[in-house]
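I opened the model to look up a few things in turn. My notes follow in the order I took them.

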Amino acid sequence: MVADTATTDAASADSAVAAPRAPAGLQLRAWAARRAEAAIIPLGALALGLGLFSLFLASLGKSPAAFLDLVYRGGFGSSFALQNSLQRAAPLLFAALCVALPARLGLVVIGGEGAIVLGGLAAAAVATPLSGAPRGVGIALMALAALLAGALWLGAVGALRAWRGVNETIASLLMSYIAIALANHLIEGWLRDPGSLNKPSTRTLDEAFRIGPLPGLEVHWGLAVGLVACLFAWVLTERTTLGFAARIAGGNVRAAQIQGLPVGRLITGFTALGGALAALAGFFEVAAVHGNANGSLVAGYGYTGILIAFLARQNPLAIPPVAFLLGGIEASSGLIQRRLHVPDATILVLEGLLFLLVLMGETLYGRFKVFSPHLWGDKQAAAGLKPPGAPAP
Amino acid sequence: MAHHSISRRTLLGGTAVLGLSALSARGALAAGPMTVGVIYVGPKDDYGYNQAHAKGAAALKGLPGIEVVEEENVRETTDVQKTMESMINMDGASLILPTSFGYFDPHVLIEAKKNPKVQFRHCGGLWTEANPKNAGSYFGYIAQGQYLNGIVAAHATKSKKLGFVAAKPIPQVLNNINGFLMGARSVDPAITCQVIFTGEWSLAVKEAEATNALIDGGADVITCHVDSPKVTVETAARRGAFVCGYHADQSALAKDKYLTGAEWDWAPIYKGFVTGMQAGKAPPNFLRGGLADGFVKMSAYGPAVSEAARKNADAVKAEMMKGGFAIIRGPLKDNKGNEIAAAGKGLPENAPELESTGYLVEGVRGSA
C-alpha cells in the first residue's frame, strides 16, 4: 500500500516529462482533482468513523451530539482546551515522523516507542556527568545523545532490513520491547538515583538543563521543534534528490538498484532519521516534563504516532493537523469520561474505527472518476494524464 | 526520598495518623456542593489498586453536598496535569486525589503551586515540608495484611513453598514480600517463598507466566503485588493453587481457592478528607495508617481456611490492632546472609527504615 503510493508519485513525476503535455487549464484541474482526492478520502473516512461511532454511542444509550459537543469543548473550544491538545500533539509529531519517513521507502516501521524511551534515557544519562556545564552545551549534548540513541536503535532495524532481509515491521516492534526492558534495567540499576525509592528514576537534571514552555503558552518547546521537524521531513522527501531517490527505491527496489541508487544506505538512513526524530520526543519528555528518566517515559506515544502517520498518508505536512486532531480527541477523553460516564476505552474504540476506515480508504484511490483525470474521457487529457502506475506508451 | 518527613514522623512517635498542618480550606466551600476529582492510572474495574480507590470514591458519592468526578487510564505525563486543571477549571473541583505514585513529582507539585486554593492529596507518601502546603500524601501499612495472608497461607500449604508475583523491586513491594513470608514463618519456619518480578506494574502476559512458573516450581499458595491481581489470581486458581488476594477483594475470581486478602479501605479516609473540608479544615499533609486505623482490611476468609488458621490470624490481627507490631524483628538475616535486625530489635509498622527497604528476608528465593 505504501509502496503503491510511492510508485504513483514516481510514475506521475515521470509522465509529466515523457508524455505530451495537456493544456494548462486541464493540468490545473487534474492537479486539483488529485489534491482533492488526497484530502476528501481521509476526511470521508473520518466522517464515516464518527458516524459509526455515533451509532456505537447510541447503542450504549449515550447521545452522540453530547459526545461531539464534549470533543469540541474538551479539545478545541477554549484556550485551555487548545493548549491541552497542542501539548498532547507535540510528542506525537515526532512519533509520526518516525513512521512516515521510512514509509517513503515502502517500509512499515512501528517501533518508535522504543526510540522515544531510549532517547529520553540517553538525554538523562548524559545530563548527569554534564552537571554544572553551561545551559546551551548541556541541552545541546542531551539532544545529541537522544538523536544518536534513536538513530542507532532504528538504524539497526533499517540495516537488518537492507542487508539481511529481516522484516522491519516485526524487528522494530520487537526492538521496542527490548528498548523498554533495557531502559527499565538501567533506570532501576546503574543509572538509578539512590534517592528515588518507590519510583526508580535517574538523577534529576540541573535546573539549567530544563526546557520551559513556549512564550505565552503552557505548551513546551517540543511543539515548535516538532513542527520544524515536519517541515524538514517534507523538504527532504519532496524537494531533494535524496528524497526522490528514496521514493524510487520505495517504488521499485530493482529499478533503483539498476539506476545505481544506494538502496541499503537509503533504507538505513531513513529509518535512522526516523528513530532520531522519535528520540527527540523522549528528550523533550525528560527535559521539559519529568526532569529525569523514569518508567513514565513509556506512555504509548509511539503507537499513536503510527495511527497519525497513516491518517496523514505518510505526508509530513499533513502530520501536524492530524496530530492536533488526535491530540484534541485525547484531550477531550477525560471530559467525556467525566460527563458521559463511559469508560476510557470508548476513545480507543473511536481511534480504532478511524484507523481501520482510513486503511480501507486506501483502496479507494483512483476509483472515483471525479478525482481521476485519466477517466475523464478527454483524449488529450488521457495522453497527458495517464492513470497512476500505467506503463509508458 | 522523604527522610525529612520520616524523622519528623519518628519524632512524633508511633501515632499512625498525623495531621501535620491544618490550613484553613477554601472558605467558599460551604456555599455550594464540593467537587472531588479522583484520577486513576489504570481502569477503575481492575480488581486491584485502581478499583480499591474507585471504591473509596464511590463511598463519597452518596454524601450530601459532594460531587465526584473521575478519570481513569491517565498517564503519568503532562496528561495528568491537564486532567487536574480540567477538573479544576471545568468541574470546579476543590479537592484532587491523584492516586498513582508517579503523579506526585513533578505533576501534583506543579499543579498545587498553580492552584493554591485547591487541595491535592496524593496516594503514595512523598510529601515533605518543602512541598506546597495545599498538597499532601497518604498511604497505608499494607504489609500487615500480607503478614496475615502469610499466616493463613502457612496453614494451607502442603509443599511448604509459597509464590509471590511482584512488579518492581521497590521498598513498598519488598515490604509486602517480606511480610508475607514472615507471617508464614511465624507458623512454620521451614516455609520458603519464591518471588518473580515482572518489571512492570501491569503486564498481564508476564504475570500469567510468572504464576505458572511458580506453581510449576512447587508453590501451592500464590499472592502478588501488581496493579491488577486478576490474571495472577485466576491463573493460580485454575491451576489448583490457593490464592491470597491483594489491593481489593478477588474472592469472586478464585472461588473456593481464595483464602483471604490484604485490601485497601479508602472509603473512611476519603470521607474524612471531605467532611473535614466541608467543616473548613484542610486534610492532613501527611497521613499514614494500617489495620488499626482502617486504611487496610482483610478479605473474609474463604471456605478452605481451617479453624486453626482463622484463630491464629485473628489473634495476630488483634495484636496488630494495638499498634507497634514488628513484622521485621531480630534476630533476622536477609536472604544473602546479612543481618537485618539484631536479637531484641524490631521495626514497628511506622519505622522510617521500612521506607527504604532494599532486602528480601531469609527464606525468600529471588533477588531485589
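**Sheet in chain B.** Before listing strands I fixed the term: two strands pair if DSSP finds at least two bridges between them. I keep in mind that this is a predicted model. With that rule I looked up an open sheet of six strands in chain B, in the order S2-S1-S3-S4-S5-S11, with parallel pairing. I checked the edges next: they are S2 and strand S11 (286-289) of chain B, and each pairs on one side only. I noted the twist too. Neighbouring strands of this sheet are turned by 20° against each other on average, ignoring direction.

I then took one pair. Strand S1 (residues 34-39) and strand S3 (residues 93-98) of chain B run parallel and are joined by five bridges. I picked out Gly37(B), whose bridge partner in S3(B) is Ile96(B). Helix H4 (residues 104-114) of chain B packs on the sheet. I list its contacts as S3, strand S4 (119-123) and strand S5 (135-140) of chain B. The direction of H4(B) makes about 170° with that of S4(B).

**Domains of chain B.** I have domain 1 as 3-141 + 265-293 and domain 2 as 143-262 + 301-365. Their centres, taken over C-alpha atoms, are separated by 28 Å. I looked up the contact: 19 residues come from domain 1 of chain B and 21 residues from domain 2 of chain B. On the domain 1 side, helix H1 (3-11) and helix H2 (49-61) of chain B each supply at least two residues. I sorted that side by class and got eight nonpolar, eight polar and three charged residues.

**UniProt record.** I found residues 35-317 of chain B listed by UniProt, in an unreviewed entry, as "domain: ABC transporter substrate-binding protein PnrA-like". The span is 42% helix and 23% strand, and its end C-alpha atoms lie 36 Å apart.

**Chain A against chain B.** I read 29 residues from chain B and 23 residues from chain A in the contact. Which element gives the largest share of the chain B side? H3(B) does, with eight residues. By class, I have eight nonpolar, eleven polar and ten charged residues on that side.

**Ala95(A).** I placed this residue in helix H4 (residues 79-103) of chain A. Buried or exposed? I call Ala95(A) buried because 33 other C-beta atoms lie within 10 Å, and the cut-off is 20 or more. Leaving out residues up to four places away in sequence, Ala95(A) touches several residues, including Gly112(A), Ile116(A) and Tyr301(A). I also noted Ala309(A): 214 residues from Ala95(A) in sequence, but 8.5 Å in space, C-alpha to C-alpha.

Notes
Residues are numbered from 1 along each chain as its sequence is written. Chains are lettered from A and ligands numbered from 1 in the order in which they are written. This is a predicted model: local features need pLDDT of at least 70, side-chain atom pairs count only at pLDDT 80 or more; totals for chains, interfaces and linings use all residues. UniProt positions are given in the numbering used here, feature names are shortened, and annotations may be inferred rather than shown by experiment. Helices (H or I, at least four residues) and strands (E, at least two) are DSSP runs, numbered from the N terminus. Two residues are in contact if their C-beta atoms, placed from the backbone, lie within 7 Å. Ala, Val, Leu, Ile, Met, Phe, Trp, Tyr, Cys and Pro count as nonpolar, Asp, Glu, Lys and Arg as charged, and the others, Gly among them, as polar. Domain bounds come from an automatic or database domain assignment. A residue is buried if 20 or more other C-beta atoms lie within 10 Å of its own, exposed if 12 or fewer, and partly exposed in between; C-beta atoms are placed from the backbone. Axes are lines fitted to C-alpha atoms, for helices over the stretch in contact, and angles run from 0 to 180 degrees between N-to-C directions.
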